[in-house]
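Here is a short report for a reader meeting this structure for the first time. Look over the sequence and the model, then read on.

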Amino acid sequence: MGKRVGDIAVETEPVSCKHMVVLGATSEIAVATLKEFAKKGQWHFSLCGRNEEALRHLAVELVSSNVSCSCHYYDTAMSAEDMQKLWEGLVKERRVEVLFCAVGYLGDQKLAQDCPDEGQLIFEANFNGLVPMIAFATNYFEGLKQGHIMVISSVAGDRGRCSNYYYGASKAAMSAYLSGLRVRLYSKGVHVINIKPGYVKTRMVAHKKLPPYISASVETVAHDIVNIYYKPKAVVYTMWLWSYIMLATKMLPDFIFKRLSMF
Ligand SMILES: NC(=O)c1ccc[n+]([C@@H]2O[C@H](COP(=O)([O-])OP(=O)(O)OC[C@H]3O[C@@H](n4cnc5c(N)ncnc54)[C@H](OP(=O)(O)O)[C@@H]3O)[C@@H](O)[C@H]2O)c1
């Protein structure tokens, strides 16, 4: 039976299940992750994004895996008031257990160096435009004394690199934000999980030649994300090898690091 929520029709009616709000649901990593979650339990996914047609297609695909879905318009350029209306509509519909955020924009580093608008877009998509939704979820979960906030940041936030320091800085901001949030929510039973992928074979990096042994498939990343939901940890690197790569990268002294222009 269909009914309308927000701007886009709900694909199925609710069943007794957990409710996950997914920002950037059309992300290739998010799609693989939702399919993996669908294998493990009964879910209602509130799919949020700006491509309504792609959201509808995804909802139809997921519903065949025995989960229910609704679709909602979300863009990081929306006003905080509109985001608040979206969040209030979602929690009114049913109790939310998980906020999963997969929105991300790599942007054009070279363009950002000359054009402040591009830099702002990168920050809006990776940080500023996500924070209001995370803040609404935080207050809500804090009241419930439970919940999961799962956000995909990136290893790029661990140390600024010449080739993508706008993107890296926006992801570093998100990592710092999540770190503080985790301290705030520690005693409230709310898990704040920072997911840090290395290279993942998606359209976001389709223009790049990825190094073979440290580039993950979306299925590998999805598997890691689902595992971390069931056994929560503060930070997860996916693939795991990236935790060692980034440890070594962070330890490199500046007088060496600044000479590594291939980074
Ligand atoms: N692929 C990698 O190598 C890699 C590595 C580290 C971290 N990550 C992170 O992993 C996450 C998922 O990325 P992905 O690889 O799956 O890339 P993707 O398929 O390109 O997904 C990016 C998602 O972000 C959404 N988005 C971008 N700008 C938006 C905006 N202004 N408002 C609302 N939604 C917006 C896109 O929506 P549309 O469908 O409407 O464009 C899409 O759903 C991102 O946070 C990314 O930074 C990726």
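## A buried threonine

Thr238 is buried, with a relative accessible area of 0%. The cut-off for buried is under 20%, so Thr238 qualifies. The model is a predicted one.

Thr238 belongs to strand β11, which covers residues 235–238. What joins the side chains of Thr238 and Asp224? A polar contact of 2.6 Å does. Asp224 is also one of the residues in contact with Thr238 once neighbours within four places in sequence are left aside. The others are Ile195, Lys196, Pro197, Gly198, Thr220 and Val221.

## Strand β4 and its neighbours

Strand β4 spans residues 43–49. Seven of its seven residues are buried, so β4 is largely enclosed by the rest of the structure. Both faces of β4 are covered. On one side sit Trp43, Phe45, Leu47 and Gly49. On the other sit His44, Ser46 and Cys48.

β4 pairs with strand β3 (residues 18–23) in the parallel sense, over six bridges. Here Leu23 stands opposite Cys48 of β4. The chain gets from β3 to β4 through helix α1, residues 28–40. This β-α-β crossover is right-handed.

β4 is also joined to strand β5 (residues 68–73). Six bridges link β4 and β5, and the two run parallel. Gly49 has Tyr73 in β5 as its bridge partner. With helix α2 (residues 52–63), β4 and β5 make a right-handed β-α-β unit.

## Strand β7 and its neighbours

Is strand β7, residues 147–152, enclosed or open? Six of its six residues are buried, so β7 is largely enclosed by the rest of the structure. Both of its faces are covered. Gly147, Ile149 and Val151 are buried on one side. His148, Met150 and Ile152 are buried on the other.

Strand β6 (residues 98–101) runs parallel to β7, and four bridges join them. One pairing puts Leu99 with its bridge partner Ile149 in β7.

Strand β8 (residues 190–197) also runs parallel to β7, joined by six bridges. Met150 stands opposite Ile193 in β8. Helix α7 (residues 165–185) completes a right-handed β-α-β unit with β7 and β8. Strand β8 links back to the opening residue: Ile195 and Lys196 are among the contacts of Thr238, and β8 covers residues 190–197.

## The ligand and its surroundings

How many residues surround the ligand? There are 26. The closest are Thr26, Thr76, Val103, Tyr167 and Thr202. Tyr167 is one of these closest residues, and helix α7 covers residues 165–185.

Three polar approaches involve oxygen of the ligand. An N or O atom in the side chain of Ser27 is 2.9 Å from a ligand oxygen atom. A polar backbone atom of Glu28 is 2.9 Å from an oxygen atom of the ligand. A polar side-chain atom of Arg203 lies 2.8 Å from a ligand oxygen atom. Taken alone, the ligand exposes 900 Å², and the protein buries 92% of that.

Note on methods:
Residues numbered from 1 in each chain as written. Predicted model: local features only at pLDDT ≥ 70, side-chain atom pairs only at ≥ 80, totals over all residues. Heavy atoms only, no water. Buried < 20%, exposed > 50% of the residue type's maximum accessible area, 1.4 Å probe, protein only. Polar contact = N/O pair within 3.5 Å; in protein donor to acceptor, adjacent residues only side chain to side chain. Contact = heavy atoms within 4.5 Å. Pairing = 2+ DSSP bridges. Right-handed = clockwise from strand over helix to strand, strands pointing away. Near = heavy atom within 4 Å. Areas by Shrake-Rupley, 256 points an atom, 1.4 Å probe, with all protein chains shown as cover.
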